[in-house]
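Welcome! Please take a moment to look over the sequence and the 3D structure below, then read on for a short tour of charged pairs, hidden spaces and a few unusual residues.

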Amino acid sequence: MTGPSWWSALLQGGALLLTVLGLGCGLLVLARRRDVRQALSVLLEFLLAAGLLRLSDDPTYRALATTAVIILIRKLVGFGLRANQRAGGPVGRARSTAGAVPVSEPPSGSAS
Amino acid sequence: MARAAAEVPDSILSEDLLRRYVDLLVRLVEAAGAIVIFLGAVLAAVKFVRAAFRGRRSEEFVRVRLGLGRYLTLGLEFQLASDVLSTAIAPTFGEIGKLAAIAAIRTLLNYFLGKEIDHERAEVEEEERDPDRTSRSSATDT
């Protein structure tokens with residue numbers, strides 16, 4: 001359903017803002033946790049939110065296909081990284097060695 | 001029955017009027033969904049930043065992600081409601097097809113998001129019950 005142009009512009013702007021926020025949060029999680037899977041999940045979650053906002057504005061077949069592809073990629077990347085972590089692949093090893101901080105460790109002031 | 005419907009004057013419930021009312025409702029409900037998604041994402045971003053500066057614990061980030069997933073699910077519920085409303089006024093076959101595609105995507109997403117939230121919540125609860133489990137497993141991995 002196509003609404004007024006100001007609403008359309010608002011949705012597009014909102015989607016763009018969410019994409020930028022997703023990139024920022026993803027990088028922040030990567031920097032703090034050194035966990036690629038978690039950082040990617042955060043980024044893709046925000047991208048999904050942006051895609052849903054775009055879908056509210058202009059439900060063309062192109063927008064539909066884009067959102068569907070984002071969902072598919074999100075699922076594939078999540079599945080691949082989980083499988084990698086279970087198998088102790090590069091990403092899994094990187095997390096357990098370079099990740100350094102076990103999740104049960106209480107937060108310390110020197111964490112940087 | 002059909003005669004009774006035909007006797008309703010156009011000024012009270014004309015097709016055009018009904019279409020306009022439903023159209024307005026669809027826009028309102030769709031807008032509510034979009035607002036929930038947007039506000040949920042912004043709130044989650046703020047919480048991510050706060051969690052990053054407070055500490056590096058994984059549960060904090062997972063909890064914020066779970067919160068964002070819940071907002072997305074809530075927004076999707078609104079949008080699905082607007083899709084259902086739209087079926088009352090979708091006149092052409094092309095519009096119905098598009099509506100079906102959107103509803104299918106949103107329903108699938110809702111389902112997967114719900115499953116993911118359940119899975120991650122179970123993981124967080126398990127970690128809270130046995131906090132040493134993750135550190136033990138990472139030690140055995142290496």
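**A briefing on charges and cavities**

In this predicted model, a network of salt bridges links B:E30, B:D83 and B:R106. Over all chains, the count of salt bridges comes to five. A search of the whole structure also finds two cavities of 30 Å³ or more. Let's take these topics in turn.

**The network in chain B**

- Side chains of opposite charge can pair when their charged atoms come close.
- One pair in the network is B:E30 with B:R106, whose closest N and O atoms are 3.0 Å apart.
- This pair links distant parts of the chain, since B:E30 sits in helix α3 of chain B and B:R106 in helix α5 of chain B, 76 residues apart.
- B:E30 and B:R106 are both buried.
- B:R106 also meets B:D83 in a salt bridge, with an N to O distance of 2.9 Å.
- Because B:R106 belongs to helix α5 of chain B and B:D83 to helix α4 of chain B, the pair ties together parts that are 23 residues apart in sequence.
- Like B:R106, B:D83 is buried.

**A salt bridge between the chains**

- The side chains of A:E45 and B:R65 form a salt bridge at 3.3 Å, N to O.
- Why does this pair join two chains? A:E45 lies in helix α2 of chain A while B:R65 lies in helix α4 of chain B, so the salt bridge runs from one chain to the other.
- Both of these residues, A:E45 and B:R65, are buried.

**The largest cavity**

- Rolling a probe the size of a water molecule over the atoms shows where empty space is left.
- The largest cavity holds about 70 Å³ of space.
- Its lining is made up of A:E45, A:R74, B:R65, B:L66, B:G69, B:L113, B:E116, B:I117 and B:E120.
- Two elements of chain B, α4 (58–86) and α5 (93–129), each give two or more residues to this lining.
- Which element gives the largest share of the lining? That is α5(B), with four residues.
- By class, the lining of the largest cavity has three nonpolar residues, one polar and five charged.
- You have met two of the lining residues already: A:E45 and B:R65 are the partners in the salt bridge described above.

**The second largest cavity**

- The volume of the second largest cavity is about 40 Å³.
- Around it you will find B:G40, B:L43, B:A44, B:K47, B:V64, B:G67, B:L68 and B:Y71.
- The elements giving two or more residues to this lining are α3 (15–54) and α4 of chain B.
- Five of the residues lining the second largest cavity are nonpolar, two are polar and one is charged.

**Two arginines to look up in chain A**

- A:R32 is part of helix α1 (residues 5–33) of chain A.
- Is A:R32 buried or exposed? A:R32 is buried, yet it has no salt bridge.
- The nearest side chain of opposite charge to A:R32 is B:E60, 11 Å away.
- Across in chain B, the backbone oxygen of B:A52 is reached by the side chain of A:R32 at 2.7 Å.
- A:R34 is found in the loop between α1 and α2 (36–57) of chain A.
- Although A:R34 is not a glycine, its phi is positive, at about 55 degrees.
- With a relative accessible area of 41%, A:R34 is partly exposed.

How values were computed
Residues are numbered from 1 along each chain as its sequence is written. Chains are lettered from A and ligands numbered from 1 in the order in which they are written. This is a predicted model: local features need pLDDT of at least 70, side-chain atom pairs count only at pLDDT 80 or more; totals for chains, interfaces and linings use all residues. Side-chain values use heavy atoms; hydrogens and water are left out. On a 1 Å grid over the protein atoms alone, a cavity is a set of points where a 1.4 Å probe fits but cannot get out, and a pocket is an open set with protein on both sides within 12 Å along at least five of seven lines; lining residues have an atom within 4 Å of a point. Grid points are joined across faces, edges and corners, and a volume is the space filled by probe spheres set on the points. Ala, Val, Leu, Ile, Met, Phe, Trp, Tyr, Cys and Pro count as nonpolar, Asp, Glu, Lys and Arg as charged, and the others, Gly among them, as polar. Buried means under 20% relative accessible area, exposed over 50%, partly exposed in between (1.4 Å probe, protein chains only). Lys and Arg count as positive and Asp and Glu as negative; His and the chain ends are not counted. A salt bridge is a side-chain nitrogen of Lys or Arg within 4 Å of a carboxyl oxygen of Asp or Glu. A polar contact is a pair of N or O atoms within 3.5 Å; within protein, one must be able to donate a hydrogen and the other to accept it, and residues adjacent in sequence count only if both atoms are side-chain atoms.
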